Amino acid sequence: MDSAGSVRERLVQLLKDRGFVSGTEIGLRLGISRSAVWKHVRALREEGFAILGSPRRGYRLADVPDTLSPPVVLPFLSGGFGKPYRYYPVTSSTNDRAKELAQSGAPEGTVVVAEQQTGGRGRRGRSWHSPPGGLWFSLLLRPDVAPAETQTLPLLLSVAVARGIEEYLGLHPDLKWPNDILLGGRKAGGILAEIGAETERVHHVVAGIGLNVNIASFPPELETTATSLQIQWGGKISRARLLGVLLAVIEEDYRRWCRTGFAPFHAAYQKRCSFLGKEVAVVAAGGVLTGLAAGVDAAGRLLLSVPGGEVKRLSGGEVTVREEGAVAAGSGYR
Ligand code: BTN
């Protein structure tokens, strides 16, 4: 963050905490001249902040814009995740930006956010629809674990995201293995975790999280399978506050996972998976398997009870619930 940016964040924080604050007091508190105060106020107004000015009383913050720019988001960050915070109005994919940062030594907790992605990526080589209004971000993690142990990290993140949504909005997300976030039976979000590792050591994990937040409608190819938090909750949501809540919950759960592994989260994960106990089809590396989704084990593998009684343990794949003997149409998500 450049110094103009950090002055603006402190200015927004100061105005948030108070009513009118005089230009002289702002200047003293931030260590800048009165004319610099005016320049920063003007720059914030250009970003969409409604800052009222009165010659005798000073400045008052009347409204903040619905953007994810640093002055809007940073006041909502309570822990270490989100520091540093990289913001792009538009980028190809936040995962790509986060990987570049990882390679240049950025610390754990770095977050990259974009208002819009032009090359958003989903699991299994799919594209990810990323228009303005969503929450598209990547979190850089550097867990001190063997590569195989990161298998449960996306599951852990999906429980944390579900818990954050529940805490903030009172909605009850359902999870579809391995880490789809569903609301009302439709996909509201997903996680793409990309790992950089040697044989025995993890360098970094880029956890890309996509949530359809303030999105009112979807293109035809998604309209029967996708939903948004706005549609499910019935109103527009402060993405900055939601991001603050999510990063706090993710940080808490991730720190615990680093100490204990997935075991303490295993039951909570399975409880949110409403597809368990149902007949499913799983598109995996070796083809399509059908059977009963019997559970998810503590290593994050799907237990699929196939005809004949054998229980297969699957490490990856795409689950579709089969309805009345047929694979439910339109359950794929792009
Ligand atoms: C999925 O297929 O379910 C995973 C979708 C992950 C999308 C997010 S949006 C932020 C980050 N950047 C990307 O290009 N993808 C992830």
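**Reading domains, ligand contacts and backbone exceptions**

Pro84 is found in the loop that runs between helix H4 (70–73) and strand S3 (85–91).

Q: Which peptide bond at Pro84 is cis?
A: As a general idea, most peptide bonds are trans. In this predicted model, the bond from Lys83 to Pro84 is cis, its omega being near 0 degrees. The bond from Trp177 to Pro178 is also cis, with omega near 0 degrees. Pro178 sits in the loop between strand S6 (174–176) and strand S7 (180–183).

Q: What is the sign of phi at Arg124, positive or negative?
A: Most residues other than glycine have a negative phi. Arg124 is not a glycine, yet its phi is positive, at about 55 degrees. Arg124 belongs to the loop between strand S4 (111–117) and strand S5 (135–141).

Q: Into which domains is the chain divided?
A: The division gives domain 1 (4–63), domain 2 (70–272) and domain 3 (279–329). Taken over C-alpha atoms, the centres of domain 1 and domain 2 are 32 Å apart.

Q: How many residues of domain 1 and of domain 2 are in contact with each other?
A: Contact is judged here by heavy atoms within 4.5 Å. Seven residues of domain 1 meet six residues of domain 2. Between these two domains an area of about 510 Å² is buried, and carbon and sulfur atoms give 67% of it.

Q: Which element gives the largest share of the side of domain 1 that touches domain 2?
A: Helix H1 (residues 3–17) does, with four residues. Sorted by class, that side of domain 1 has three nonpolar residues, one polar residue and three charged residues.

Q: How many salt bridges does the rule find across the interface of domain 1 and domain 2?
A: A salt bridge requires a side-chain nitrogen of Lys or Arg within 4 Å of a carboxyl oxygen of Asp or Glu. The rule finds zero across the interface of domain 1 and domain 2. For residue pairs in polar contact, both at pLDDT 80 or more, the number found across this interface is likewise zero.

Q: Which residues come nearest to the ligand?
A: Of the 19 residues around the ligand, the nearest are Ser93, Gln117, Arg121, Arg123 and Lys187.

Q: What atoms pair with the ligand at Ser93, at Gln117 and at Arg123?
A: For a polar contact, the N or O atoms must lie within 3.5 Å. At Ser93, a polar side-chain atom is 2.8 Å from a ligand oxygen atom. At Gln117, an N or O atom in the side chain is 2.9 Å from a ligand nitrogen atom. Arg123 instead uses a polar backbone atom, 2.7 Å from an oxygen atom of the ligand.

Methods:
Residues are numbered from 1 along each chain as its sequence is written. This is a predicted model: local features need pLDDT of at least 70, side-chain atom pairs count only at pLDDT 80 or more; totals for chains, interfaces and linings use all residues. Side-chain values use heavy atoms; hydrogens and water are left out. Domain bounds come from an automatic or database domain assignment. Buried area is the accessible area (1.4 Å probe) that two parts lose on being put together, summed over both. A polar contact is a pair of N or O atoms within 3.5 Å; within protein, one must be able to donate a hydrogen and the other to accept it, and residues adjacent in sequence count only if both atoms are side-chain atoms. Helices (H or I, at least four residues) and strands (E, at least two) are DSSP runs, numbered from the N terminus. Ala, Val, Leu, Ile, Met, Phe, Trp, Tyr, Cys and Pro count as nonpolar, Asp, Glu, Lys and Arg as charged, and the others, Gly among them, as polar. A residue is near a molecule or strand if one of its heavy atoms lies within 4 Å of it.
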